[in-house]
Amino acid sequence: MRLRQAYFVLAAMVGCLLGSGATAAEPSVQTLISQHCEQCHEIKGLQNFGNIGPSLLDVKQRYPDRKEVAAIIYDETKRNPQTAMIPFGRNLILTNKEIDSIVDYLYAQ
């Protein structure tokens, strides 16, 4: 009987979520940078940044091809298996759209 009640509650919760059209709000690029980048990288305009990874101050000059930067964020282990960088795209931490937003931000600096 308890199992049946648990299924009913679960179904009701899913129905409410689907029926209400609830969607997760997309985080701002500043939030993404704060959550996933600044702990390891120096980024223009940020006061509290890490120094584990390379500076991202001149990313446009070092990487003229934006696709290369997106690929690094997606999965740097393809280029450098010894990297300490998390494969944000491969591990589904960031979506492709979020990665593109971060690249846009870095290239605008």
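This report walks through the fold, one helix and a few chosen residues of the structure above.

**Overall picture**

The model is predicted. The protein has five helices and zero strands. Read from the N terminus, its elements run α-α-α-α-α. The protein has 109 residues, and 26% of them count as buried. Its accessible surface comes to about 8,000 Å². Carbon and sulfur atoms own 57% of that surface. Take the contacts between residues at least 6 apart in sequence: 40% of them join residues at least 24 apart.

**Helix 5**

Helix 5 covers residues 96–108. It has 13 residues. From first C-alpha to last, helix 5 reaches 18 Å, close to the 18 Å expected at 1.5 Å a residue.

Which residues of helix 5 are buried? They are Glu98, Ile99, Ile102, Val103, Tyr105, Leu106 and Tyr107. An α-helix has 3.6 residues a turn, so residues three or four places apart point the same way. The buried residues of helix 5 pack against three partners: helix 2 (29–36), helix 3 (59–62) and helix 4.

Tyr107 has a charged neighbour. The charged end of Arg66 sits over the ring of Tyr107, 4.8 Å from the ring centre. How many aromatic pairs does the whole structure hold? A search finds zero.

**The end of helix 4**

Helix 4 spans residues 66–75. Asp75 belongs to this helix. Is Asp75 buried or exposed? Its relative accessibility is 6%, and buried means under 20%, so Asp75 counts as buried.

The side chain of Asp75 makes polar contacts with two other side chains. One joins Asp75 to Thr77 at 2.3 Å. Another joins Asp75 to Arg90 at 3.4 Å. Leaving out residues up to four places away in sequence, Asp75 touches Pro87 and Arg90. Arg90 thus appears both as a touching residue and as a polar partner of Asp75.

**The loop between helix 4 and helix 5**

Glu76 lies in the loop between helix 4 and helix 5. Glu76 is buried, with a relative accessible area of 7%. Setting aside residues up to four places away in sequence, Glu76 touches Ala71, Thr83 and Met85.

Leu92 also has its place in the loop between helix 4 and helix 5. Is Leu92 buried or exposed? Its relative accessible area is 75%, and exposed means over 50%, so Leu92 counts as exposed. The backbone of Leu92 deserves a look too. Its phi is near 60°, a positive value in a residue other than glycine.

**Helix 2**

Ser34 sits in helix 2. Ser34 is partly exposed, at 33% relative accessibility. What separates Ser34 from Leu46? In sequence they are 12 residues apart. In space the gap is 9.1 Å, C-alpha to C-alpha.

**Accessibility side by side**

The table gathers the accessibility values for the residues discussed.

| Residue | Relative accessible area | Class |
|---|---|---|
| Asp75 | 6% | buried |
| Glu76 | 7% | buried |
| Ser34 | 33% | partly exposed |
| Leu92 | 75% | exposed |

**In short**

The fold is made of five helices and zero strands. Helix 5 packs its buried residues against helix 2, helix 3 and helix 4. Asp75 of helix 4 is linked by side-chain polar contacts to Thr77 and Arg90. The loop that follows helix 4 includes buried Glu76 and exposed Leu92.

Notes:
Residues are numbered from 1 along each chain as its sequence is written. This is a predicted model: local features need pLDDT of at least 70, side-chain atom pairs count only at pLDDT 80 or more; totals for chains, interfaces and linings use all residues. Side-chain values use heavy atoms; hydrogens and water are left out. Helices (H or I, at least four residues) and strands (E, at least two) are DSSP runs, numbered from the N terminus. Buried means under 20% relative accessible area, exposed over 50%, partly exposed in between (1.4 Å probe, protein chains only). Contact means heavy atoms within 4.5 Å. The expected span of a helix is 1.5 Å times one less than its number of residues. Rings of Phe, Tyr and Trp (its six-membered ring) pair if their centres lie within 6.5 Å; planes under 30 degrees apart count as stacked, over 60 as edge-to-face and the rest as tilted. A charge sits over a ring if NZ of Lys or CZ of Arg is within 6 Å of the ring centre and within 35 degrees of the ring normal. Accessible areas come from the Shrake-Rupley method with a 1.4 Å probe; for residues, only the protein chains shown count as cover. A polar contact is a pair of N or O atoms within 3.5 Å; within protein, one must be able to donate a hydrogen and the other to accept it, and residues adjacent in sequence count only if both atoms are side-chain atoms.
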